[in-house]
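Colleague: Before I use this model at the bench, I would like to know what stands behind its labels. Please take me through a few of them.

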Amino acid sequence: MRTFKLIAATLWVATLGAGAAYALDAAPRPQPLTPALSPALAPGIKYGSARDALRSGMRDYYAGDKIGAVHALEYAAGQGHSLALWKLGRMYADGDGVEHDDLKAFEYFSQLADQHADESPDSPNASVVSSAFVALGGYFLDGIKDSYVAANPTRAVEMFSYAATYFSDSNAQYNLARLYLEGTGVRKDARHAARWFNLAAEKGHTASQALLGHLLMTGQGVPRQRAKGLMWLTLAREASTDAPKDQWIVSLYDDAFAAADESDRKLALALLEQYIQSRR
């Protein structure tokens with residue numbers, strides 16, 4: 001496999017304290033993952049272009065004809081169309097109109113990542129390319145059973161790092177922070193984790209807000225800042241629902257509120273008002 005060039009970019013983030021800033025080095029573009037897929041075409045169907053096939057596939061998808069959608073999307077994906085590759089990856093990953101197949105999803109996401117990694121972060125397709133890297137990171141964390149995709153946490157770090165730095169993807173930043181917090185695929189570093197959580201939290205990523213708040217409340221690997229921690233946890237609590245998947249956020253908030261004294265709560269409210277005003 002050839003080695004791709006390093007991305008000459010530096011990502012600056014606000015610190016958890018007042019005033020200074022930290023630089024997080026941009027990740028190198030990962031090496032290619034899979035060979036390109038060949039164009040597929042259902043018998044009797046012709047498309048003028050990959051874009052025509054994509055449009056046909058999406059029409060079929062929303063009309064409920066997901067088998068027809070797959071035929072059209074496979075043709076567009078074979079031509080390297082980023083949206084078609086992403087949609088097929090998501091359909092196979094979710095079992096949406098097709099049999100659930102993580103390996104097929106992995107291969108579609110891999111081709112998308114390989115062919116479109118240099119997509120401008122400002123382009124309309126950047127979000128789907130970035131999400132493909134995030135999906136690949138998840139697959140590399142655990143591997144895919146009975147396939148050639150083995151668990152490889154170091155590779156997962158590469159996927160999340162690239163999406164987190166080049167695309168500034170909040171989901172990638174959150175996942176990368178979790179790996180640093182747990183010491184999975186990288187040296188355990190709570191301070192580095194907090195920096196990535198902070199980047200994602202500033203974008204409104206609820207889980208990152210909750211975990212950043214928890215770190216600041218407890219002083220785990222970072223200077224303890226109870227009021228600021230409570231502020232982040234309040235934002236996360238307000239954005240969460242009462243669904244079971246969000247109960248851990250509610251629990252962290254309840255514990256933090258109980259541990260805070262009256263001055264912490266007043267300062268947290270003032271910080272929260274400043275945060276909201278700054279985003280209007």
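Modeller: The model is predicted, and what follows covers one helix pair and two loop residues.

Colleague: Why is α10 called oblique to α12?

Modeller: Helix α10 (residues 226-239) and helix α12 (residues 262-278) pack at an angle of about 60 degrees, and their axes are 8 Å apart. Roughly parallel needs an angle under 35 degrees, and roughly perpendicular starts at 65. The angle of α10 to α12 fits neither, so the pair is oblique. The crossing of α10 past α12 is right-handed.

Colleague: Which residues of α10 and α12 meet?

Modeller: On the α10 side they include Leu-230, Met-231, Trp-232 and Leu-235, and on the α12 side Leu-267, Ala-268, Leu-271 and Leu-272 are among them. The residues of this contact divide into 10 nonpolar, one polar and four charged.

Colleague: What makes Asp-246 count as buried?

Modeller: Asp-246 lies in the loop between α10 and α11. Its relative accessibility is 9%, and buried means under 20%, so Asp-246 counts as buried. The side chain of Asp-246 reaches the backbone nitrogen of Thr-241 at 2.9 Å. That pair is a polar contact because the cut-off is 3.5 Å.

Colleague: How do you know whether Gly-97 is buried, exposed or in between?

Modeller: Gly-97, in the loop between α3 and α4, has a relative accessible area of 40%. Buried ends at 20% and exposed begins over 50%, so Gly-97 is partly exposed. Leaving out residues up to four places away in sequence, Gly-97 touches Lys-66 and Ile-67.

Methods:
Residues numbered from 1 in each chain as written. Predicted model: local features only at pLDDT ≥ 70, side-chain atom pairs only at ≥ 80, totals over all residues. Heavy atoms only, no water. Axes fitted to C-alpha atoms, helices over the stretch in contact; angles between N-to-C directions. Helix = DSSP H or I, 4+ residues; strand = E, 2+ residues; numbered from the N terminus. Parallel < 35°, antiparallel > 145°, perpendicular 65-115°, else oblique. Left-handed = near helix turned anticlockwise from the far one by under 90°. Contact = heavy atoms within 4.5 Å. Nonpolar A, V, L, I, M, F, W, Y, C, P; charged D, E, K, R; others polar. Buried < 20%, exposed > 50% of the residue type's maximum accessible area, 1.4 Å probe, protein only. Polar contact = N/O pair within 3.5 Å; in protein donor to acceptor, adjacent residues only side chain to side chain.
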